[in-house]
Amino acid sequence: MTGNETANESQEQVRNQSPAHKRDLTRRKVVVAGGAAVAAVGVGGGLAASAFADGATSTGAAKSTASGVETCYTLTSETTEGPYYIDADKIRQDITEDEEGIPLTLTLKVIDAESCKPVRNAAVDIWHCTALGVYSGYEAMGSGGGGGGGAPTDAPSGTPTDTPSGTPTGEPPSGGTGGGHSEPTDDERYLRGTWKTDKRGQVTFKSVFPGWYQGRCVHIHVKVHVDGEWTDAGYEGGHTCHTGQLFFDEKSVLASAAVEPYSTNTTTRTTLTEDTIYPQNGHEGGLLFLDYDKKRIAKGVRAHLTMGVAPDETHDSTDTQPSASASASAS
């Protein structure tokens, strides 16, 4: 069987397994601080293309054949929204806002898991905590709202001697483990932003490597909104087709923990394998591909992932799980 025949058969299997799509259009609106932000949507495509160069082989959503055709075979896992989502009011690629931390460039490629076509003009939201585990908009709740508190000023620094151990006990902390939405306590919006996917389905953000807080491994939250309209006011209408989280492997997290200000974060850290939200299924579950100098991670990290979504379905929180997947793989 040729590569093209295999690709066609794989896509046919996906179509046969897919349920009748349901549509649940809801009204959502984001406000742009300046009208020029929307006019600038699409900038940075060259950076996104180069950053994603080796991401086409991601087992999380798609795989390139010798002919260059991507064959789809799975959806990216849906996970909880968490209590700290704020309907995006910052249309921007650079979400850093002078927050301290290791520079992070994150490139996401959004594709239709059934057809493997890029999802264009989607609104992608990301948000995550600071190096010390604090979410903007919820500073009054401390480190991740999970009871970790802020790091003491005399906290020891240096590379951890071993991997943190011990499964967290007691009630799950906030900040991504469910429990319903919490209303913001302040007007801060650092480390949050929304941007538009380009014709390749790609979007690139600049931020800092996330920190951690009690009860959770290091992660970034993500949402994908489709069927809405980009206007001078931002993004309106449509529905959320994907809600998930993006994860970092243990080697990168341990390397970051040796760099300030992460080294001052004394909150007990949950490892990737201990985390109760990470699906433990690799890139399909949101595990990022990372590129950085192993000896000098402080210089910066480039991360990327292809996300397979079901554009006609609604997945806005933990009460909606992916209802279609395919098991075929490319040869």
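Reader: Which side chain does glutamate 81 reach through a polar contact of 2.9 Å?

Author: A polar contact is a pair of N or O atoms within 3.5 Å; within protein, one must be able to donate a hydrogen and the other to accept it, and residues adjacent in sequence count only if both atoms are side-chain atoms. This is a predicted model, where local features need pLDDT of at least 70 and side-chain atom pairs count only at pLDDT 80 or more, while totals for chains, interfaces and linings use all residues. Residues are numbered from 1 along each chain as its sequence is written, and side-chain values use heavy atoms, with hydrogens and water left out. With that in mind, the partner of glutamate 81 is lysine 223.

Reader: And is glutamate 81 buried or exposed?

Author: Glutamate 81 sits in the loop between strand E2 (70-72) and strand E3 (103-112); strands (E, at least two residues) and helices (H or I, at least four) are DSSP runs, numbered from the N terminus. Setting aside neighbours within four places in sequence, glutamate 81 is in contact (heavy atoms within 4.5 Å) with residues including Trp127, His181, His221 and Asp316. Buried means under 20% relative accessible area, exposed over 50%, and partly exposed in between, using a 1.4 Å probe and protein chains only. The relative accessible area of glutamate 81 is 14%, so this residue is buried.

Reader: What mean pLDDT does the chain have?

Author: pLDDT is the predictor's confidence in each residue, from 0 to 100, and where it is low, the predicted coordinates should not be read in detail. Residues 9-62 stay under 50, and residues 319-331 are below 50 too. Still, 62% of the residues reach 70 or more, and the chain's mean is 75.

Reader: In what order do the strands of the open sheet with antiparallel pairing run?

Author: Two strands pair if DSSP finds at least two bridges between them. E4 pairs with strand E5 (residues 192-196) over five antiparallel bridges, and E4 pairs with strand E7 (residues 219-231) over five as well, again antiparallel. E5 and strand E8 (234-247) each have a single partner strand, so these two stand at the edges. That gives the order E5-E4-E7-E8.

Reader: How many of the five residues of strand E4 are buried?

Author: In a regular strand the side chains alternate between the two faces of the sheet. Ala123, Asp125 and Trp127 point one way from E4, while Val124 and Ile126 point the other way, and all are buried. E4 is therefore largely enclosed by the rest of the structure, and the count is five of the five.

Reader: Which residue of E7 is the bridge partner of aspartate 125?

Author: Aspartate 125 has neighbours on both sides to check. In E5, threonine 194 stands opposite aspartate 125. In E7, the partner is the residue we met in the polar contact with glutamate 81, namely lysine 223.

Reader: Which strands are at the edges of the open sheet with mixed pairing?

Author: This sheet has four strands in the order E6-E3-E10-E9. E3 and E6 are joined over seven antiparallel bridges, with leucine 106 standing opposite phenylalanine 205 in E6. The strands that pair on one side only are E6 and E9 (289-291).

Reader: Which residues touch the most other members of the largest nonpolar core?

Author: A nonpolar core is a set of buried Ala, Val, Leu, Ile, Met, Phe, Trp, Tyr and Cys residues joined through side-chain atoms within 4.5 Å. The largest has 46 residues, and the elements giving two or more residues to it include E3, E4, E6 and helix H4 (250-256). Beyond residues up to four places away, valine 124 touches Val110, Val203, Phe205 and Val222, among others. The residues asked for are Leu108, Val124, Ile126 and Leu246.

Reader: Which proline follows a cis peptide bond from glutamate 260?

Author: Look in the loop between H4 and E9. The bond from glutamate 260 has omega near 0 degrees, and the residue after it is proline 261.

Reader: What is the phi of aspartate 98?

Author: Aspartate 98 lies in the loop between E2 and E3 and is exposed, because its relative accessible area is 76%. Although aspartate 98 is not a glycine, its phi is positive, at about 65 degrees.
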